[in-house]
Amino acid sequence: MTQWLEDLSTLQVLLLVVAVLVGGSVLAALLGALLVRMGMRRPWVLRLASRLAFKGLELIKRPLTITVLDEVAAVMRTGHYTKNISDALIENHDELKALVAEKVREDPNARLVSRLPGYDTIVSEVTETTLRVMIEMLSDPRTDELVSDLLRNNLEQIRVAVRQRDHEQLEGHEPADPAPPGAPRPTV
């Protein structure tokens with residue numbers, strides 16, 4: 001019955017012990033909260049276990065975050081995200097073309113131009129050309145490299161900020177910049 005325990009590596013045994021301790025501490029915290037809610041005093045053992053649970057979570061939070069970021073960075077390096085976008089554009093080509101034509105038709109600045117002969121043909125050709133150029137650009141390995149560099153650099157910056165605890169010095173988030181007056185609002 002203990003064979004599975006002997007087959008575990010040192011790291012796996014350590015993680016198992018930490019998981020049991022954290023799980024027990026969380027269970028003790030929940031049990032203590034339940035006892036307090038029922039009007040009883042929380043036993044000192046449960047108070048101690050609750051404090052240990054919170055301190056333990058604080059202790060493993062940063063290393064766990066860094067480990068997850070490292071794993072995400074490794075996974076991000078293996079993908080070809082611009083190719084996925086290109087494939088989606090190809091798959092939804094007709095819908096996108098109709099969407100662009102509809103939005104150009106609804107644009108208040110295009111009302112006068114929309115009365116010109118051949119307007120629909122021009123919009124159709126411009127849309128077709130734009131989609132084709134976008135698909136070719138997204139399929140190009142240089143664009144894929146650009147996006148990979150962008151993701152890698154951002155993940156590295158996040159990893160360094162977590163290690164140096166830069167985010168803990170911030171008190172709150174600044175609100176987003178307001179959209180300029182007259183800018184189209186996205187509809188959800």
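Q: Is K83 buried or exposed, or does K83 fall in between?
A: The general idea is a set of cut-offs: buried is under 20% relative accessible area, exposed is over 50%, and partly exposed is in between, using a 1.4 Å probe and protein chains only. Here K83 has 45% relative accessibility, so K83 counts as partly exposed. Keep in mind that this is a predicted model, where local features need pLDDT of at least 70, side-chain atom pairs count only at pLDDT 80 or more, and totals for chains, interfaces and linings use all residues. Residues are numbered from 1 along each chain as its sequence is written, and side-chain values use heavy atoms, with hydrogens and water left out.

Q: Which residue does K83 form a salt bridge with?
A: A salt bridge here is a side-chain nitrogen of Lys or Arg within 4 Å of a carboxyl oxygen of Asp or Glu. K83 pairs with D87, and the closest N and O atoms are 3.2 Å apart. D87 is partly exposed too, at a relative accessible area of 33%.

Q: Where do K83 and D87 sit in the helix?
A: Helices are DSSP runs of H or I with at least four residues, strands are runs of E with at least two, and both are numbered from the N terminus. K83 and D87 belong to helix α4 (residues 81-91); they are four residues apart, so about one helical turn separates them.

Q: How many salt bridges does a search of the whole structure find?
A: Five turn up. One of them joins R152 to D149, at 2.8 Å from N to O. Both of these residues lie in helix α7 (residues 141-164), three residues apart, which is about one turn of the helix. R152 is partly exposed at 38% relative accessible area, and D149 is partly exposed at 23%. R142 also has a partner, D140, with the closest N and O atoms 2.8 Å apart; R142 itself is exposed, at 66% relative accessibility.

Q: Which residues gather in the patch of positive charge?
A: To build a patch, you take residues with over 30% relative accessible area and no salt bridge, then join like charges within 9 Å, or nonpolar side chains (Val, Leu, Ile, Met, Phe, Trp, Tyr) within 5 Å. Lys and Arg count as positive and Asp and Glu as negative, while His and the chain ends are not counted. Each charge is placed at NZ of Lys, CZ of Arg, CG of Asp or CD of Glu. On this surface, the positive patch consists of R41, R47, R51 and K55. R41 lies in the loop between α2 (10-37) and α3 (44-78), and R41 is exposed, at 71% relative accessible area.

Q: What forms the nonpolar patch on the surface?
A: The residues are L11, L14, L15, V18, V26, L30, F54, L57, L59 and I60, and together they have about 940 Å² of accessible area. Two elements, α2 and α3, give two or more residues to this patch. The top contributor is α2, with six residues. L11 is in helix α2, and L11 is exposed, with a relative accessible area of 54%.

Q: What about the chain as a whole: how many helices and strands are there?
A: The chain has seven helices and zero strands. Of its 188 residues, 18% count as buried. Areas come from the Shrake-Rupley method with a 1.4 Å probe, and for residues only the protein chains shown count as cover. About 15,400 Å² is exposed by the chain, and carbon and sulfur atoms supply 64% of that.
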